[in-house]
Amino acid sequence: GELLAAVRTHGPDHPTSLAGKSRLRVLGLTAGDIERIIEAGVPSERVNIRSPQSGVITEINLTEGAHVTAGVSAMVIGQTNTAVVEADLYESHLANISAGTEALVSFPALHSAPISAVIDRVDPWLDPQTHTARARLLVDNSEGALVAGMDADVSLHIDRGDSLLLPASAVIFNGDDRVVFIDMGDGRLTPTHVTLGARSNDLYQVLEGLKTGDQVVTSGTFLVAAESRIYSASTTWAGGGDE
């Protein structure tokens, strides 16, 4: 009503009229909405409130006839062109992962090729129960194939340079110790403490305890472990386990 009165009195381009238009734009009306009100010449009892983005309504907090005040969340609208994938990262991996780390994301339900993605953010805290940190990845969903709640597998690409790798089946976990058995020849095995880095599939990165060329027992480790407890007083012993 104030805008129409100003337009009738001063014209549409008068500062008072322009101020009225500006107030309506702040309230969410478009230039087209305002011009239609001026053309009609009477205040409109109903106006369209347009979403600032396209997407899918995921939450609505309105009922017909409800009174809405400034600051009230009327609805939540999620964009669908980009999907957010959340992945749990092991504590041991966090030193090598940050925003920008490249990843491949696959969705078992789609039976499609993995999708390239990058980590957008890593939470700066650990879940106290799982000791994992939550990472957020952004994945293109312009085709709309991804649906909220889908399971996803995330593979991260981390350049660790040249590393000595050890089959996971060769490692015996004894409390905080990590032990492997080196084949010394003539049926002699030596238990050796190792320091392990990250695990990738069925391989461990070896930081300390082995050198290139060492031959280790990779099967029959349960038999070897049992025998080693019996002969724990010696550092080198003759064993009969499979190698």
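The exercises below, each with a worked solution, concern a predicted model.

**Exercise 1.** Describe how helix α1 and helix α3 pack, and find which residues make the contact.

*Solution.* Two packed helices are described by the angle between their axes and the distance between the axes. For α1 (residues 2–10) and α3 (residues 31–40), the angle is about 65° and the axes lie 10 Å apart, while the crossing is right-handed. Turning next to the residues, we find that α1 contributes Leu-3, Leu-4 and Val-7 to the contact, and that α3 contributes Ile-34, Ile-37 and Ile-38. Sorting these residues by kind gives 6 nonpolar, no polar and no charged.

**Exercise 2.** Work out which strands stand at the edges of the open sheet of 5 strands.

*Solution.* Begin with the order of the strands, which is β3-β6-β5-β4-β7, with antiparallel pairing. Each of β3 (82–90) and β7 (153–156) has a single partner strand, so these two stand at the edges, and one side of each is left without a neighbour in the sheet. On average, and with direction ignored, neighbouring strands of this sheet are turned by 40° against each other. As an example of one pairing, β4 (residues 102–106) and β5 (residues 115–122) are joined in the antiparallel sense over 4 bridges, and Ala-103 has Ala-117 of β5 as its bridge partner.

**Exercise 3.** Determine which strand supplies the largest share of the largest nonpolar core.

*Solution.* This core has 14 residues, and those with the most contacts inside it are Val-85, Val-105, Leu-137 and Val-139. At least two residues come from each of β3, β4, β5 and β6 (132–140), and the largest share, 4 residues, is supplied by β3.

Technical notes:
Residues numbered from 1 in each chain as written. Predicted model: local features only at pLDDT ≥ 70, side-chain atom pairs only at ≥ 80, totals over all residues. Heavy atoms only, no water. Axes fitted to C-alpha atoms, helices over the stretch in contact; angles between N-to-C directions. Left-handed = near helix turned anticlockwise from the far one by under 90°. Contact = heavy atoms within 4.5 Å. Nonpolar A, V, L, I, M, F, W, Y, C, P; charged D, E, K, R; others polar. Pairing = 2+ DSSP bridges. Core = buried A, V, L, I, M, F, W, Y, C linked by side-chain atoms within 4.5 Å. Buried < 20%, exposed > 50% of the residue type's maximum accessible area, 1.4 Å probe, protein only.
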